[in-house]
Amino acid sequence: MTQIKVLITGGAGFIGGNFVQYMVNKYPMYDIFNLDALTYAGDLTKHREIENKKNYHFVKANIADRKAMFELFEKEKFDYIVHFAAESHVDRSIIDPGIFVRTNVIGTQVLLDASKQIGVSKFVHISTDEVYGELDFNPTTFFTEDTPLNPNSPYSASKASSDLFVRAYHETFGLPVNITRCSNNYGPFHFPEKLIPLTISRVLKDEKVPVYGDGKNIRDWLHVFDHCTAIDLVLHKGDNGDVYNIGGHNELTNLEVVKTIINTLGKSEELIEFVVDRLGHDKRYAIDPAKLEKLGWKPTYTFETGIAQTIEWYLDNKCWWEQIVSGEYQNYFKKQYKFEKD
Ligand code: NAD
Ligand code: TDX
């Protein structure tokens, strides 16, 4: 009997990387293919512990390369596709929106075509709560699967656009798809351009932490491991064509997040520096995960246990993030941030 073949795109990045490891370890009877272009956000050093396992395979390729995708899909005849590959950072989408259209929209459409061509059993598209736009500060309002799409940044506009193509391939061609929309993730291997790893890595070096605006914007945090279990459930049990929101009810202001990290590391809150706000900065995201909970999902981490585990991980894995923040990242950081004394 041939093994089930699972293609995971973006498996050298943060969430895709955690999901690749989760799947390789949990399903030794599946062949797991990690496809990634290895952009600035992708690295394979995170996979040292699984790279020699018989059920792990790596393919370096760009999802927007139609010829390469069709050749690969025809050769491997994947059963499942779990699609993470994307440009994922809102601030970079404000600097250069074009690459977000090429990867997030065109790349997704190429994968949909290739999946239709070979007839996959399931295509899970990993999207984001940001496609719904922003909520006000009323704590009783949440994003549900029926909230209209109302993206505000070039990043979220590109993700919403890809969601609509995924939906259309289900409606028009009957492609068996699911779309998942998750809140902000954190955990091991989070790239240090995003708020939590940026704060941890800078506080550990006694460097200033840039907080946009007044720091009162709210995000709903989910540990990446809990995101992985949710995707696993949707992949195997999700109703074809359905959307599932993923979130663990962990709403915090950015200032609360930054202060928690500083205090856990025993450093001074004077490291906080309020900097010029992000353009079009969404006020609040908050997920209602009731539909996924009905399918059987429950998160295992609270924010308290998750952030403690994450800080511990960054302390134990300095070599991973130090190699990132010392390279090309420095140029991005200098372009992106203006500190008072600069
Ligand atoms: P990431 O930036 O850490 O990783 C993205 C990966 O995709 C990298 O390995 C990169 O090399 C790869 N990639 C980029 N362009 C590619 C291309 N053209 N072809 C092939 N590979 C390419 O991103 P992440 O934070 O792990 O996010 C993964 C997915 O989850 C994205 O689709 C994102 O929109 C979604 N998401 C992220 C969050 C979050 O909090 N980080 C929350 C909800 C949804
Ligand atoms: O230096 C910073 N200072 C700051 O105040 C950075 C990088 C961020 N922030 C704020 C902006 C946001 O309100 O912190 C909050 C979180 O910012 P990010 O970590 O950049 O995440 P966000 O913009 O909320 O988007 C993330 O969650 C949804 C992911 O990057 C997306 O890929 C995902 O779709």
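This section walks through the two ligand sites of a predicted model and then through a few helices and single residues.

Ligand 1 comes first. Its shell holds 29 residues, and those that come closest are Ile-15, Asp-36, Ser-88, Tyr-155 and Lys-159. Several of the polar pairs here involve the protein backbone. At Phe-14, a backbone N or O atom sits 3.0 Å from an oxygen atom of the ligand. Nitrogen atoms of ligand 1 are involved too: one is 3.1 Å from a backbone N or O atom of Ala-37, and a backbone N or O atom of Ile-63 likewise lies 3.1 Å from a nitrogen atom of the ligand. On its own, ligand 1 has 830 Å² of accessible area, and the protein covers 96% of that.

As for where this shell comes from, at least two residues each are supplied by helix H1 (14-26), strand S5 (122-128), helix H5 (154-173) and strand S7 (184-186). S5 has the largest share, with 3 residues. Sorted by type, the shell around ligand 1 is made up of 14 nonpolar, 12 polar and 3 charged residues.

Turning to ligand 2, the shell consists of 21 residues, with Glu-130, Tyr-155, Arg-278, His-281 and Tyr-337 coming nearest. Tyr-155 thus turns up again, having also been listed among the closest residues to ligand 1. Its side chain places an N or O atom 2.5 Å from an oxygen atom of ligand 2. Arg-278 also uses its side chain, with a polar atom 2.6 Å from a ligand oxygen. Pro-210, on the other hand, takes part through its backbone: one of its polar backbone atoms is 2.8 Å from a nitrogen atom of ligand 2. Taken alone, this ligand has an accessible area of 660 Å², and 94% of it is covered by the protein.

Helix H3 (90-95), helix H6 (195-204) and strand S8 (209-212) are the elements that contribute two or more residues to the shell around ligand 2. Of these, S8 gives the most, namely 3 residues. The shell splits into 9 nonpolar, 6 polar and 6 charged residues. At the level of domains, residues come both from domain 1 (4-185 + 223-246) and from domain 2 (189-219 + 250-280 + 301-331), so ligand 2 lies between the two.

H6, one of the elements around ligand 2, deserves a closer look. This helix is mostly covered, with 8 of its 10 residues buried. The buried set runs through Ile-196, Pro-197, Leu-198, Thr-199, Ile-200, Ser-201, Arg-202 and Val-203, so Arg-202, which counts as charged, is in there as well. Just past the end of H6, Asp-206 adopts a positive phi of about 55°.

The loop that leads from S7 to H6 holds Glu-193. This residue is buried, at a relative accessible area of 3%. Its side chain has a polar partner in the side chain of Tyr-40, at 2.9 Å.

Helix H2 (residues 66-76) shows another pattern. Met-69, Leu-72, Phe-73 and Glu-76 are its buried residues. Looking down the helix axis, these fall within an arc of 95°, so they line one face of H2. Lys-67 and Lys-75 are exposed, and they sit on the face turned away from that buried side.

Two more buried positions round things off. Tyr-56 belongs to strand S3 (residues 56-60). With a relative accessible area of 9%, Tyr-56 is under the 20% limit and therefore counts as buried. Along the chain Tyr-56 is 31 residues from Asn-25, yet their C-alpha atoms are separated by 9.7 Å. Val-257 is part of helix H8 (residues 254-264), and it is buried with a relative accessible area of 0%. Its C-alpha atom lies 9.6 Å from that of Phe-303, a residue 46 positions away in sequence.

Key:
Residues numbered from 1 in each chain as written. Chains lettered and ligands numbered in written order. Predicted model: local features only at pLDDT ≥ 70, side-chain atom pairs only at ≥ 80, totals over all residues. Heavy atoms only, no water. Near = heavy atom within 4 Å. Polar contact = N/O pair within 3.5 Å; in protein donor to acceptor, adjacent residues only side chain to side chain. Areas by Shrake-Rupley, 256 points an atom, 1.4 Å probe, with all protein chains shown as cover. Helix = DSSP H or I, 4+ residues; strand = E, 2+ residues; numbered from the N terminus. Domains from an automatic or database assignment. Buried < 20%, exposed > 50% of the residue type's maximum accessible area, 1.4 Å probe, protein only. Arc of directions from axis to C-beta.
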